[in-house]
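Good morning, and thank you for making the time. I would like to walk through one model today, beginning with its largest pocket and ending with a few individual residues.

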Amino acid sequence: MTKRFVYILLLVISLSPITKAQFINLQLKIEPELSATVEQDLDFGTLVTNSGRTEIQLGDVNMGVFSIRAFHTQNVYLNLQYPEVLRNENPAISDEIPLQLNMSYNNTGNNNAINSAPLTANSGFISIHDNTQLENRNDIWKQMYIYVYGAIEVGNIPNGVYTGEVVLSVDYD
């Protein structure tokens, strides 16, 4: 409706006789259809050689937290990709740390991991909000929270920084 009104207004101005200067004060507010934010990084901390299995459970303070803000009726496809192992930043060191990650989501609008649902195979197609009915007209944008947690196994490896790239893909319709 707004685009059509602007087009008609500009057409009328361009057809009117040019006897006086005319100005239009046009303001548009454009919001993206979807935004994703890292609320908290996944952090296994500093570990020592042969420390064994270290787990970050769902709800732990070191789990990764993402938020997604989108139109209340949108659906999103989430996919978590990560390497099977973390590698030392020094290419001369071939030792690795096994990595296993899991992902859960909460689409009630509350950042509460306890009420989240796991995504099997770390991917899935879900609604941005569990209730698509609007409580009021100002509530068209909703927030979803994604939680990433898991475990690593530190064996007899040289000291150093071990890294890997974790990618959370968010596609929407």
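Let me begin with what is meant by a pocket: on a 1 Å grid over the protein atoms alone, it is an open set of points with protein on both sides within 12 Å along at least five of seven lines, whereas a cavity is a set of points where a 1.4 Å probe fits but cannot get out. Grid points are joined across faces, edges and corners, and the volume is the space filled by probe spheres set on those points. Please keep in mind that this is a predicted model, in which local features need pLDDT of at least 70 and side-chain atom pairs count only at pLDDT 80 or more, while totals for chains, interfaces and linings use all residues. Residues are numbered from 1 along each chain as its sequence is written, and side-chain values use heavy atoms, with hydrogens and water left out.

With those terms in place, the largest pocket comes to about 680 Å³ in volume. Its lining consists of 30 residues, and L42, F44, G45, L86 and Y162 lie nearest the centre. A residue counts as lining if it has an atom within 4 Å of a point. Elements giving two or more residues to this lining are β1 (34–40), β3, β6, β9, β10 (162–163) and β11. Strands here are DSSP runs of E of at least two residues, helices are runs of H or I of at least four, and both are numbered from the N terminus. What is the lining made of, by class? There are 19 nonpolar, 9 polar and 2 charged residues. In this scheme Ala, Val, Leu, Ile, Met, Phe, Trp, Tyr, Cys and Pro are nonpolar, Asp, Glu, Lys and Arg are charged, and the others, Gly among them, are polar.

Let me now turn to the fold. The protein chain contains 1 helix and 11 strands, and the helix comes before the strands when one reads from the N terminus. Of the 173 residues, 30% are buried. Buried means under 20% relative accessible area, exposed means over 50%, and partly exposed lies in between, with a 1.4 Å probe and protein chains only.

Strand β9 deserves particular attention. It covers residues 141–154, and 11 of its 14 residues are buried. Which strands pair with β9? One is β2 (residues 52–56), antiparallel to β9 over 5 bridges; two strands are said to pair if DSSP finds at least two bridges between them. Within that pairing, E55 has A151 as its bridge partner. Strand β3 (residues 64–71) also runs antiparallel to β9, joined by 8 bridges. Here G64 stands opposite V148, and A70 stands opposite K142. Strand β6 (residues 96–106) makes 8 bridges to β9, again in the antiparallel sense, with Y105 opposite I146. In addition, β3 pairs with β1 in the antiparallel sense through 6 bridges, where Q40 is matched with V65.

A further set of strands forms an open sheet of 3, in the order β8-β4-β11, with antiparallel pairing. Its edge strands are β8 (123–127) and β11 (167–172), each pairing on one side only. Strand β4 (residues 75–81) is joined to β11 by 6 bridges, and L78 has V170 as its partner there.

Next, the salt bridges, defined as a side-chain nitrogen of Lys or Arg within 4 Å of a carboxyl oxygen of Asp or Glu. The structure holds 2 of them. In one, E55 meets R53 at 2.8 Å, N to O; E55 is partly exposed at 40% relative accessible area, and R53 is partly exposed at 45%. In the other, E96 meets R87, with the closest N and O atoms 3.4 Å apart. E96 is partly exposed at 35%, and R87 is partly exposed at 46%.

Finally, some backbone angles. Most residues other than glycine have a negative phi. N50, which is not a glycine, has a positive phi of about 65 degrees and sits in the loop between β1 and β2. N122 likewise has a positive phi, near 55 degrees, and belongs to the loop between β7 (117–118) and β8. Is N122 buried or exposed? N122 is buried, with a relative accessible area of 9%.
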